[in-house]
Amino acid sequence: MDKKQKISGAMFLITIGIVYGDIGTSPMYVMKSILEGNGGIQHVDQDFIIGSLSLVIWTITLLTTIKYVLIAMKADNHGEGGIFSLYALIRNYGKWLIIPTIIGGAALLADGVLTPAVTVTTAVEGLRSIASVNELLGPTYHKVVIITLVIIAALFMVQRVGTSKIGKAFGPVMLIWFLFLGIGGILKIASFPMVLSAINPLYAIRVLFSPNNKVGFMILGSVFLATTGAEALYSDMGHVGRNNVYISWPFVKACLILNYLGQGAWIINNQGSAELAAVEDMNPFFMMLPGAMRPFAILLGAAAAIIASQALITGSFTLVSEAINLDLLPHLEIRYPSDTKGQLYISTVNHILWAGCSLVVLYFKSGSRIESAYGLAITLTMLMTTMLISIYLRHVRKQAILSWLVLLVFGVIEVIFFISSLGKLMVGGYVTVIITLILLSLMVIWYRGTQIENTYNTKLHFGDFVDNLEALHEDDDIPLLANNLVFLDGDRDFETIDRDILYSIFDKDPKRADAYWFVNVTILDKPREMYYKVETYGTNYIFRVKLYLGFKLSPRINVYLRQIVRDLQETGELPKQDKKYSIYGASTVGSFKFCIIHKTVSSKSELSAPDERLLLFKNAIRTAAGSRVAWYGLDTSTVITENVPLIPGYESREEKITRQE
């Protein structure tokens with residue numbers, strides 16, 4: 001049975017541990033943000049609190065339950081979710097769809113930087129609700145920042161063990177967390193049952209226009225924080241399977257709403273309290289608990305904050321992997337700690353997120369200041385996802401009416417949320433904008449650079465050059481370069497070949513070999529399956545090889561090729577090669593040389609200045625992303641690296657120069 005179809009108690013725990021960390025920690029800061037935005041607990045009344053709670057409940061219901069759980073999660077790409085996976089399903093329905101995709105993807109990755117910072121910092125600041133600890137921490141933020149940085153460092157260091165193992169460890173903790181949220185909320189609701197009237201959506205509408213709401217529609221900037229994690233829920237679907245989300249979400253949602261209602265009941269019972277108003281960074285989530293319970297709540301909240309960060313980190317790994325497959329980002333080394341392809345680890349992304357989170361904590365220093373930057377990115381991502389879902393429903397599912405309903409209803413809601421979040425732009429939101437623009441620039445450069453390269457990439461019919469290869473192969477006047485000369489070929493089609501490979505063989509110092517190998521590597525969905533296909537063109541010296549490797553296998557091309565050589569020698573398709581001298585004794589498998597071609601921009605190219613600079617940037621990104629030699633497992637092999645101009649320069653023009661006496 002497919003992984004996504006399995007439903008069990010163990011998978012329920014893993015799902016709780018991996019998927020819901022971000023949205024599960026929102027009760028720690030949503031009501032706090034709403035209160036601060038309205039002037040504090042001394043400036044709120046019953047109607048305002050019930051209306052605010054109604055906004056929170058219906059925001060979670062509309063955006064998380066209906067949009068993501070019931071609609072978006074059905075738009076999966078072989079079990080994988082997320083904005084890039086969604087784009088892969090609909091990209092043939094309009095070239096313009098790449099625009100909302102890269103905007104939404106960049107914004108979501110930016111959110112992956114901010115989430116660990118805001119959740120861990122807020123949890124650590126909960127220590128201030130304990131008087132003795134507050135004295136120990138002192139009036140400055142230094143000790144809180146240090147503790148936060150240590151926790152974040154530990155979190156990113158354990159990523160390499162894999163999300164399955166982390167999920168098994170985090171699942172029981174998150175189960176306790178959600179039970180704690182739900183039970184804590186129920187106990188406070190009992191003190192003011194009228195708070196249950198917040199389920200009526202009329203209160204949500206009424207509070208937007210209430211004179212007691214001092215920020216008007218801008219309150220939605222704080223309310224929206226209750227849904228952060230919904231997009232990550234969609235992205236993490238491939239880690240646990242859609243059905244496990246369906247089973248676990250009702251439980252999670254019930255616990256969240258109960259806790260929000262409990263906080264609301266406590267605030268109403270304590271409205272106007274001068275004593276509470278004097279508490280620095282007063283957080284109703286912690287303050288509503290009995291004093292003896294707060295240390296436990298803080299420790300549990302810190303654990304939940306770590307898991308909240310985990311949800312965004314694993315989602316970021318998935319997003320980057322999908323972006324690589326769509327050629328929106330450079331190829332990065334991906335590791336699969338378990339035998340499930342959806343559970344992956346990308347060290348480069350892990351290190352970048354780690355550095356970004358740490359810098360955000362050092363810059364803002366407090367959770368309330370980070371909250372100002374939080375939420376803006378995710379509203380933008382949700383809006384872009386809504387656009388793509390509407391296209392999916394219209395063209396793939398053939399549900400035109402539902403498509404327009406989704407675009408109209410959720411589009412309007414999310415535009416309102418986005419505008420309200422812009423109110424935080426100058427007090428911290430600019431950091432989100434900067435991070436998003438950096439990531440967006442990387443994707444635009446890579447995508448546009450690939451388009452330019454493809455425009456000038458020339459494919460030749462391979463069959464037209466078989467005779468030339470035969471002549472070179474038999475030309476004893478040219479010294480033998482290697483028994484086996486291997487080119488790593490991007491073409492999956494046996495009929496065509498990149499012109500630059502043939503240029504390297506014939507024009508750039510003719511390369512004679514006993515056997516010419518053109519190898520293409522395809523990564524399979526199964527973890528350890530491996531096989532190959534070969535085309536010889538009726539010769540015993542030309543081999544076009546398609547190498548299929550399971551995603552858990554390292555692409556050690558040199559090792560696999562030696563096995564293929566022996567196979568072909570046993571079938572008689574490849575003559576035995578005489579290798580007399582070796583520390584392992586004589587062998588019938590000769591020497592190998594691998595040729596890797598780097599396409600560069602000629603200093604005399606005819607590109608426009610912007611396109612030339614863009615390609616130079618792309619080459620810089622490619623270099624920073626890592627060596628192709630290492631990825632193909634050729635570190636210990638003899639590698640020839642050649643630079644060829646991507647685009648012919650002036651030397652390609654047929655211009656005549658005349659001689660003067």
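## Close-up views of a predicted model

**View 1. Valine 629 sits in helix 27, which covers residues 628-631.** This first close-up, like those that follow, comes from a predicted model. Valine 629 is partly exposed, with a relative accessibility of 21%. The cut-off for a buried residue is under 20% relative accessible area, so at 21% valine 629 counts as partly exposed. Look also for isoleucine 596: in sequence it is 33 residues from valine 629, and in space the two C-alpha atoms are 8.0 Å apart.

**View 2. The whole protein, for orientation, has 27 helices and eight strands.** Before we zoom in again, here is the setting. The C-alpha trace spans about 95 × 65 × 55 Å along its principal axes. The protein has 661 residues, and 55% of them count as buried. Among contacts with a separation of 6 or more, 82% are between residues 24 or more positions apart.

**View 3. Helix 17 crosses helix 18 at roughly 130 degrees.** Helix 17 takes in residues 294-325 and helix 18 residues 347-364, and their axes come within 10 Å. That angle makes helix 17 oblique to helix 18. The crossing of the two helices is right-handed. On the helix 17 side, the residues to find are Ile313, Ser316, Phe317 and Val320, which meet Val349, Asn350 and Leu353 of helix 18. Sorted by class, this contact of helix 17 with helix 18 has five nonpolar residues, two polar ones and no charged ones.

**View 4. Lysine 32 and glutamate 36 form a salt bridge within helix 3.** The structure holds nine salt bridges, and this view shows one of them, with its closest N and O atoms 3.2 Å apart. Side chains of opposite charge can pair when their charged atoms come close. Helix 3 runs over residues 30-37, and because lysine 32 and glutamate 36 are four residues apart in it, about one helical turn separates them. The two partners make a nice contrast in accessibility. Lysine 32 is buried, at 3% relative accessibility, whereas glutamate 36 is partly exposed, with a relative accessible area of 38%.

**View 5. Glutamate 414 and lysine 67 join in a salt bridge between helix 21 and helix 4.** The N to O distance of this pair is 2.7 Å. Glutamate 414 belongs to helix 21 (residues 400-421) and lysine 67 to helix 4 (residues 46-71), so the salt bridge ties together parts that are 347 residues apart in sequence. Glutamate 414 and lysine 67 are both buried.

**View 6. Lysine 618 and glutamate 453 meet in a salt bridge that is part of a network.** Here the N to O distance is 3.0 Å. The pair links distant parts of the chain, with lysine 618 in helix 26 (residues 609-625) and glutamate 453 in helix 22 (residues 429-456), 165 residues apart. Lysine 618 is buried, with a relative accessible area of 2%, and glutamate 453 also counts as buried, at 13% relative accessibility. Please keep Arg622 in the frame as well: salt bridges with shared partners join Arg622, Glu453 and Lys618 into one network.

Methods. Residues numbered from 1 in each chain as written. Predicted model: local features only at pLDDT ≥ 70, side-chain atom pairs only at ≥ 80, totals over all residues. Heavy atoms only, no water. Axes fitted to C-alpha atoms, helices over the stretch in contact; angles between N-to-C directions. Parallel < 35°, antiparallel > 145°, perpendicular 65-115°, else oblique. Left-handed = near helix turned anticlockwise from the far one by under 90°. Contact = heavy atoms within 4.5 Å. Nonpolar A, V, L, I, M, F, W, Y, C, P; charged D, E, K, R; others polar. Salt bridge = Lys/Arg side-chain N within 4 Å of Asp/Glu carboxyl O. Buried < 20%, exposed > 50% of the residue type's maximum accessible area, 1.4 Å probe, protein only.
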